[in-house]
2 protein chains.
Amino acid sequence: MGNQKLYKGSLQTIILKLLEEKDKMYGYEITQKVKELTKGELNITEGALYPALHKLEAEGLLDVEVAKVDNRLRKYYKLTENGTKETASKLAEMEEFLRTMQSIVNPKFSLE
Amino acid sequence: MGNQKLYKGSLQTIILKLLEEKDKMYGYEITQKVKELTKGELNITEGALYPALHKLEAEGLLDVEVAKVDNRLRKYYKLTENGTKETASKLAEMEEFLRTMQSIVNPKFSLE
DNA sequence: TGTTATACATAAGAAAATTATGCATATATT
DNA sequence: AATATATGCATAATTTTCTTATGTATAACA
């Protein structure tokens, strides 16, 4: 990929956004969904994902619910009320960031 | 700002892009230019900027030229030949990243 | 004369990732 | 039957990249 490092700092927002769309997801599902959405460009590693999920849970933005499917463990995460608010806020910040970066790397197309 | 952390990983690209536009700039000038371009949203700290410039120089992407203006030191940086190539490459990666993030946070507007 | 602006630099620490490793079950392949 | 790949979780060690704090020095302004 090469540009993986650009995604640094955006993982939390990505997780929250996916959970805003789907209501409840488990870790592995998130990695697959992101791979699909980005056509393979972004591959979330487990070493990044699980600590991020745990942190969001610890901050009270996610609730977790354990399930057993096909004799295998799954941890379903969903937004808390607070998580929903925080998602809106983080998405707004992300959009601002994207606009700003656009205006830097492609000034001509950002006269708005 | 709040969303400063989203810029993590994009500093090199920003520096290179500015130098592609202006030919030669010094550190302090870069911080001011970025502040102006982003309407104060992004404030590059010295602790991030100077190490980044030194690294780009060490990698052979930038040449440095020292000048004395008003009895104060300035270090002007400019792109090397290799730096120009790398800039194009990094800008392409950045644009890909921005497109991808757009498509994640705002799927409706990214059907292109 | 003290504060703000200009101009460089580095060190300590924090945040967020990568890489490596581990455990366990299910499914597909040879 | 054995092996590899996929599913599913987790953590530890390390690296990268930043923030925060600190240092030096000159110029301009109040």
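In this predicted model, the surface near DNA strand C draws at least two residues from each of several elements: H3 of chain A, and, on chain B, helix H2 (27-37), H3 and strand S3 (72-79). H3(B) gives the largest share of that surface, with five residues. Around DNA strand C there are 23 residues, and those that come nearest are Thr45(A), Arg72(A), Tyr26(B), Tyr28(B) and Lys75(B). By character, the residues of this surface divide into seven nonpolar, seven polar and nine charged.

It helps to look next at which parts of the DNA face the protein. Of the atoms of DNA strand C within 4 Å of the protein, 75% belong to sugar or phosphate, while the rest belong to bases. Individual contacts from chain B illustrate the backbone side of this picture. Lys75(B), one of the residues nearest to the strand, places a polar side-chain atom 2.6 Å from a phosphate oxygen of DNA strand C. Lys5(B) also has a polar side-chain atom by a phosphate oxygen of this strand, at 3.1 Å. Leu73(B) takes part through its backbone: a polar backbone atom of Leu73(B) is 3.3 Å from a sugar or linking oxygen of DNA strand C.

Attention can now turn to the other strand. DNA strand D is surrounded by 26 residues, of which Tyr26(A), Tyr28(A), Glu46(A), Lys75(A) and Arg72(B) are the closest. Of the strand D atoms within 4 Å of the protein, 73% belong to sugar or phosphate and the rest to bases. The residues of the surface near DNA strand D divide into eight nonpolar, eight polar and 10 charged.

Both protein chains supply polar contacts to phosphate oxygens of DNA strand D, among them one from Gly27(A) and one from Thr45(B). For Thr45(B), a polar side-chain atom lies 2.9 Å from a phosphate oxygen. For Lys55(B), the distance from a polar side-chain atom to a phosphate oxygen of the strand is 3.0 Å. Gly27(A) uses a polar backbone atom, which is 3.4 Å from a phosphate oxygen of DNA strand D. Two or more residues of the surface near this strand come from each of helix H2 (27-37), helix H3 (46-58) and strand S3 (72-79) of chain A, and from H3 of chain B. The largest share, five residues, belongs to H3(A).

The relation between the two protein chains is also worth a look. Chain B superposes on chain A by a rotation of 180 degrees with 0.0 Å of shift along the axis, at an RMSD of 0.0 Å. This is the relation of a two-fold axis. Of the interface residues of chain B, 97% are also interface residues in chain A, so the copies meet through the same surface.

Finally, there is the open space in the protein. The largest pocket holds about 500 Å³ of space. Its lining is made of 24 residues, and the closest to the pocket centre are Tyr7(B), Lys8(B), Gly9(B), Ser10(B) and Leu11(B). On chain B, helix H1 (11-22), helix H3 (46-58) and helix H4 (81-105) each supply at least two residues of the lining. H1(B) provides the largest share, four residues. The lining divides into eight nonpolar, nine polar and seven charged residues. H3 of chain B thus appears in the lining of the largest pocket as well as in the surfaces near DNA strand C and DNA strand D.

Notes:
Residues numbered from 1 in each chain as written. Chains lettered and ligands numbered in written order. Predicted model: local features only at pLDDT ≥ 70, side-chain atom pairs only at ≥ 80, totals over all residues. Heavy atoms only, no water. Least-squares fit on C-alpha atoms with pLDDT ≥ 70 in both. Contact = heavy atoms within 4.5 Å. 1 Å grid on protein atoms, 1.4 Å probe; cavity = no way out; pocket = protein on both sides within 12 Å on 5 of 7 lines; lining within 4 Å. Points joined across faces, edges and corners; volume = space filled by probe spheres on them. Nonpolar A, V, L, I, M, F, W, Y, C, P; charged D, E, K, R; others polar. Near = heavy atom within 4 Å. Polar contact = N/O pair within 3.5 Å; in protein donor to acceptor, adjacent residues only side chain to side chain.
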